[in-house]
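Work through the exercises below with the sequence and the coordinates open. Each task is followed by a solution in steps.

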Amino acid sequence: MRIQFEKTTCTRCQGSGHYSSHPDHGTRCFGCSGSGERLSKQGQEAKAAYDAGMSIPVPEVLPGMVIMYRDHLAQRTIRCTVEASNPSPNSSWTTDAEGVRTYSDLWELGLPNMRLSTYMSGTVQLALTSATRDRARATLAGVPGVTITE
């Protein structure tokens, strides 16, 4: 199954993928990340619907699920299989400057070669797998700006 969101030519670089020169990044266009294309307005709305439909609350993540993890340091998204999913032993009560006590509701996900601590109130995006294809189809049914091919 392949999902393609509607795209248009980047108006910043006119589709070349190059814009102005930067000493660290060369001439790569930051409007389209050098691809020459950007999501159209309908493509952006369809992508937002897909992201919302494929997201689940962190406590519902189970070992064996495949998720998409955003590595902000490396500036890329990584597809990972969850090895463990538990309340974090680092969860605790804290007191802020005004004396208000709050519980840091951390959840720990065991991913290959790392442990990810996140808030229980957060969400995680499921990766597109054979187990989540029906969910993706249902999420995008009737949504303009997306093409689904088998």
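The model is predicted. The first exercise starts from one polar contact: the side chains of Ser 85 and Trp 107 are joined at 2.8 Å.

**Exercise 1.** Place Ser 85 in its strand, decide whether Ser 85 is buried or exposed, and list what surrounds it.

Solution.
- Step 1. Find the element: Ser 85 belongs to strand E9, residues 84-87.
- Step 2. Take the relative accessible area, which is 13% for Ser 85. Buried means under 20%, so Ser 85 is buried.
- Step 3. Look for polar partners. Besides the side chain of Trp 107, the Ser 85 side chain reaches a backbone atom, the oxygen of Val 61, at 2.8 Å.
- Step 4. Leave out residues up to four places away in sequence; Ser 85 then touches Val 58, Val 61, Pro 63, Trp 107, Glu 108 and Leu 109.

**Exercise 2.** Give the strand order of the open sheet with 4 strands, and explain why E6 and E8 each have one side without a neighbour.

Solution.
- Step 1. Write down the order, E6-E14-E7-E8, with antiparallel pairing.
- Step 2. Read off the edges: strand E6 (55-57) and strand E8 (76-81) each have a single partner strand, so one side of each has no neighbour in the sheet.
- Step 3. Add the twist: on average, neighbouring strands of this sheet are turned by 45° against each other, direction ignored.
- Step 4. Turn to one pair. E7 (residues 66-71) and E14 (residues 123-126) are antiparallel partners over 2 bridges, and Met 68 is found opposite Gln 125 of E14.

**Exercise 3.** Describe the largest pocket by its volume and lining.

Solution.
- Step 1. The volume of the largest pocket is about 470 Å³.
- Step 2. Its lining consists of 19 residues; those nearest the centre are Met 68, Tyr 69, Arg 70, Thr 77 and Gln 125.
- Step 3. Assign the lining to elements: helix H1 (41-53), E7, E8, strand E13 (114-119) and E14 each give two or more residues.

**Exercise 4.** Locate Pro 144 and state its exposure and contacts.

Solution.
- Step 1. Pro 144 sits in the loop that runs between helix H2 (133-140) and strand E15 (146-149).
- Step 2. Its relative accessibility is 47%, so Pro 144 counts as partly exposed.
- Step 3. Setting aside neighbours within four places in sequence, Pro 144 contacts Gln 42 and Ala 46.
- Step 4. Compare chain and space: Ala 131 is 13 residues from Pro 144 along the chain, and their C-alpha atoms are separated by 24 Å.

Methods. Residues numbered from 1 in each chain as written. Predicted model: local features only at pLDDT ≥ 70, side-chain atom pairs only at ≥ 80, totals over all residues. Heavy atoms only, no water. Buried < 20%, exposed > 50% of the residue type's maximum accessible area, 1.4 Å probe, protein only. Polar contact = N/O pair within 3.5 Å; in protein donor to acceptor, adjacent residues only side chain to side chain. Contact = heavy atoms within 4.5 Å. Pairing = 2+ DSSP bridges. Axes fitted to C-alpha atoms, helices over the stretch in contact; angles between N-to-C directions. 1 Å grid on protein atoms, 1.4 Å probe; cavity = no way out; pocket = protein on both sides within 12 Å on 5 of 7 lines; lining within 4 Å. Points joined across faces, edges and corners; volume = space filled by probe spheres on them.
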